[in-house]
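Me: I would like to go through this model one question at a time, with the reasoning set out before each result.

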Amino acid sequence: MRKKIIAANWKMNMTVGETDAFLENFLLEVNDDLGVDVVIVPPFTSLAKAGERLANSSAVKLGAQNMAFQKNGAFTGEISAAMLRDLYVRYVVLGHSERRTLFGETDEIVNKKVKAAHEASLKPILCVGETLAERDANRVEEVLETQLRGSLAGLSSKELLETVIAYEPVWAIGTGRVATPEQAQAAHAFIRKTLAAIADQAVADKVRIQYGGSVKPDNAKTLLGQPDIDGALVGGASLDPRAFAEIVKAGVVTE
Ligand code: PGA
């Protein structure tokens, strides 16, 4: 069975002081290993503080929101994989729709970042998802397949197994308009089918696929109960330690 993975994507929110206060409260709620992988993804400026707070936590890991594919050099304003490793970062969100639409990241760029992350032993959380116009035009599968094939090109099976996919329909991000469990499950099943075509069924069966887009404490359980939904990438609701802890707990398998 695939272990659930719930990640908090804070985006451009939280100062160092706010990060410290959040984690102090959050760790009161989620202090021991619940059998769920939990990842906190703060802005770069809070990584060091979050790393200090999480140093003794076996349950909660650290993630970054982006990184450069270049190793080092004259790339003003960029952050490398080695710099992230240095701060005990384990996961890195790549190809988020905000990076794709606001910062011009193509599948080719995202692919380079995914490869660079693996080279540095960071686990990518690769985001894919369609816009509303693409959904209305019945192009969901075509868009997902193009993004997956482009962003995962050239990865070995071993690397694919160390990659998390996040299905984030763009129309559901930050809008309060969540995909129905049926819509999400259908997209996840299609992503898994595509992974089987890219690699093989055994690999596809093991890769974890998160859902992202207006996940809240009151819809998390139903979404996480779908057979191909293996976790959540949470934006807005992850800024509140109580709400995020509730979402994590919704991922605990009880049966
Ligand atoms: P949201 O964001 O939960 O605020 O919709 C999700 C994301 O962008 O990862």
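Me: Where in the chain is the place of Ser214?
Reply: This is a predicted model, and the position is described by the elements on either side of the residue. One of these elements is the strand β7 (209–212) and the other is the helix α11 (217–224), so the place of Ser214 is in the loop between β7 and α11.

Me: Is Ser214 buried or exposed?
Reply: Phi of Ser214 is near 60 degrees, which is a positive value in a residue other than glycine. Its relative accessibility is 8%, and because buried means under 20% relative accessible area, Ser214 counts as buried.

Me: Is Tyr88 buried or exposed?
Reply: Tyr88 lies in the loop between α3 (81–86) and β4 (91–94), and its phi, near 65 degrees, is a positive value in a residue other than glycine. The relative accessibility of Tyr88 is 64%, and since the class exposed begins over 50%, Tyr88 counts as exposed.

Me: Which residues are the closest to the ligand?
Reply: The shell around the ligand has four nonpolar, seven polar and two charged residues by class. In total 13 residues surround the ligand, and the closest of them are Lys11, His96, Glu168, Gly174 and Ser214.

Me: How much of the accessible area of the ligand does the protein cover?
Reply: Among the contacts to oxygen atoms of the ligand, a polar side-chain atom of Asn9 lies at 3.4 Å, and a polar side-chain atom of Glu168 lies at 2.7 Å. For Gly174 the contact is made by a backbone N or O atom, which lies 2.6 Å from an oxygen atom of the ligand. On its own the ligand has 280 Å² of accessible area, of which the protein covers 97%.

Me: What volume does the largest pocket have?
Reply: The largest pocket is lined by 17 residues, of which Lys11, Gln65, Asn66, Arg99 and Phe103 lie nearest its centre. By class, this lining has eight nonpolar, five polar and four charged residues. The volume of the largest pocket is about 410 Å³.

Me: What distance separates the C-alpha atoms of Arg177 and Arg149?
Reply: Arg177 is found in the loop between β6 (164–167) and α9 (181–198), and at 44% relative accessibility Arg177 counts as partly exposed. Along the chain, Arg177 and Arg149 are 28 residues apart, and their C-alpha atoms are separated by 27 Å.

Notes: Residues numbered from 1 in each chain as written. Predicted model: local features only at pLDDT ≥ 70, side-chain atom pairs only at ≥ 80, totals over all residues. Heavy atoms only, no water. 1 Å grid on protein atoms, 1.4 Å probe; cavity = no way out; pocket = protein on both sides within 12 Å on 5 of 7 lines; lining within 4 Å. Points joined across faces, edges and corners; volume = space filled by probe spheres on them. Nonpolar A, V, L, I, M, F, W, Y, C, P; charged D, E, K, R; others polar. Near = heavy atom within 4 Å. Polar contact = N/O pair within 3.5 Å; in protein donor to acceptor, adjacent residues only side chain to side chain. Areas by Shrake-Rupley, 256 points an atom, 1.4 Å probe, with all protein chains shown as cover. Helix = DSSP H or I, 4+ residues; strand = E, 2+ residues; numbered from the N terminus. Buried < 20%, exposed > 50% of the residue type's maximum accessible area, 1.4 Å probe, protein only.
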